[in-house]
Amino acid sequence: MPNLPRLSTRQLPDAASAEGLLAGRGVGPEAPVGQQALARLLEIAASPAIDWELADEAAAVAAFARATSLAGCRSAGARPGIVPAARSLARLALALTACVTALGGTAAVAGTLPAPIQELAHVTFGAPAPHHGVPAPRPAGGSSRQPGHQGIQAKDQPGLQEARVQSQKALPDGSAQDHQKVPIRRARSGGQAGHQEINQAGRPARHPEASHDHPAGR
Amino acid sequence: MLRYWDLPPDWPDARSVAGVLEAEFPGVLRAAALGDERAFARLWRDAHPPLLRYLRMLAGDAAEDVASEVWLEVARKLARFRGGEPEFRGWLFTLGRRRVIDLRRYAGRHPVRLTADAGELDRPAVEDTAATALERLSTEAALALIATLPSEQAEVIVLRVVAGLDVGHVARIVGKRPGAVRVAAHRGLRTLAARLSVSAGRAQGVTR
């Protein structure tokens, strides 16, 4: 403190006296006035609790009771060693489900799934119909039922039957020509949907755009 | 209710505010950790007054709120605490100090003053503040006089005298070396002694 007068070193506590004061041992009666006043000051600063300092005891104890009861509920309701493992398993299962869904959905849209699964995806959310390879030539008017293709039958599809009749009329000689594609308007769509190409066998042509309008999916 | 300004100048100090449990502390701590409210109340009555005095110096009027948060954290973590009474006090004051630091960070552009009372007392002459403390002999005034020291010195002195912690515990709380803590405390005491000597000398001169 610059404005304080210089005091003799005897007035100020040395290291030993300072440690004694800090430890609460005070000073002797022979100590200088300044040190005695300092000892009294520290004694008062560390005096026993005053009533107003203890006024919040009830609130503190109530908060303690709430905190311990909450902690008790947590410890009783959850087993700490098991919960993290269960959470890890749940997260793993969720991640696997997400991966399978993403990969399966991609494969379904690409049409690369096995036929039964692709058919299910086709019926469920409009994925492309399963591929069955290039059909073998068959006589005109033959049954549209194909082995291994039980889910789609021309007789069950009025639009396909009508399309077949129209395609046969469109041919001048009425002969069956596989792989000749004739644009028709789908009967069930009422003319609102686009054209669909079907071949002479009465099956929809394998065309990426037309495949999404396959009636079997309707 | 007895207030500090009602205390007579020669109010006897039967015991210090710190360290009254001593030998009973382990049992009290164990019971409190198991949820015994009476045991927790004993811990609180023992340690709250010095904590509040320390926090009043650091955080001013926010001291009681900070102390409540500290005790709530203690209640949550008491079952995991290991140590004796000095360690418990060290933990308690460390929590309080961290809370004050958080409070200051939260305040951001408007940092909390070390103590409102100390700031107001710092404006008049130092001799007047020291004389007031001597005349009233009140806890509040004594702490206010200590708080006029540089903050590092004042904090160290309060932790040693009011909280009753040794140099090692204080060093851990304030994050300094024990030697630096010792030097800061001694410097603060010498400054206080100089102020009180001047004040006492003037008072004796007036009375003569």
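**Exercise 1.** At roughly what angle do the axes of helix α2 (residues 33–45) of chain A and helix α7 (residues 139–147) of chain B cross?

*Solution.* The model is predicted: local features need pLDDT of at least 70, side-chain atom pairs count only at pLDDT 80 or more, and totals for chains, interfaces and linings use all residues. Residues are numbered from 1 along each chain as written, with chains lettered from A and ligands numbered from 1 in written order.

Step 1. Fit the axes as lines to C-alpha atoms, over the stretch in contact; angles run from 0 to 180 degrees between N-to-C directions. Helices are DSSP runs of H or I, at least four residues, numbered from the N terminus.
Step 2. The two axes cross at roughly 115 degrees and come within 8 Å.
Step 3. List the contacts, meaning C-beta atoms, placed from the backbone, within 7 Å. A:Leu41, A:Ile44 and A:Ala45 of α2(A) meet B:Thr139, B:Ala142, B:Leu143, B:Leu145 and B:Ile146 of α7(B).

**Exercise 2.** Find the helix that gives the most to the largest nonpolar core.

*Solution.* Step 1. Such a core joins buried Ala, Val, Leu, Ile, Met, Phe, Trp, Tyr and Cys residues through C-beta atoms within 7 Å. Buried means 20 or more other C-beta atoms within 10 Å of the residue's own, placed from the backbone.
Step 2. The largest core has 73 residues; A:Leu41, B:Leu55 and B:Ile146 are among those with the most contacts inside it.
Step 3. Helix α2 (residues 37–59) of chain B gives the most, 12 residues.
Step 4. Beyond four places in sequence, B:Leu55 contacts B:Ala63, B:Val66, B:Ala67, B:Gly96 and B:Val100.

**Exercise 3.** State the helix count and buried share of chain B.

*Solution.* Step 1. Chain B has 10 helices and zero strands.
Step 2. Of its 208 residues, 48% are buried.

Methods. Helix = DSSP H or I, 4+ residues; strand = E, 2+ residues; numbered from the N terminus. Buried ≥ 20, exposed ≤ 12 C-beta atoms within 10 Å, placed from the backbone. Contact = placed C-beta atoms within 7 Å.
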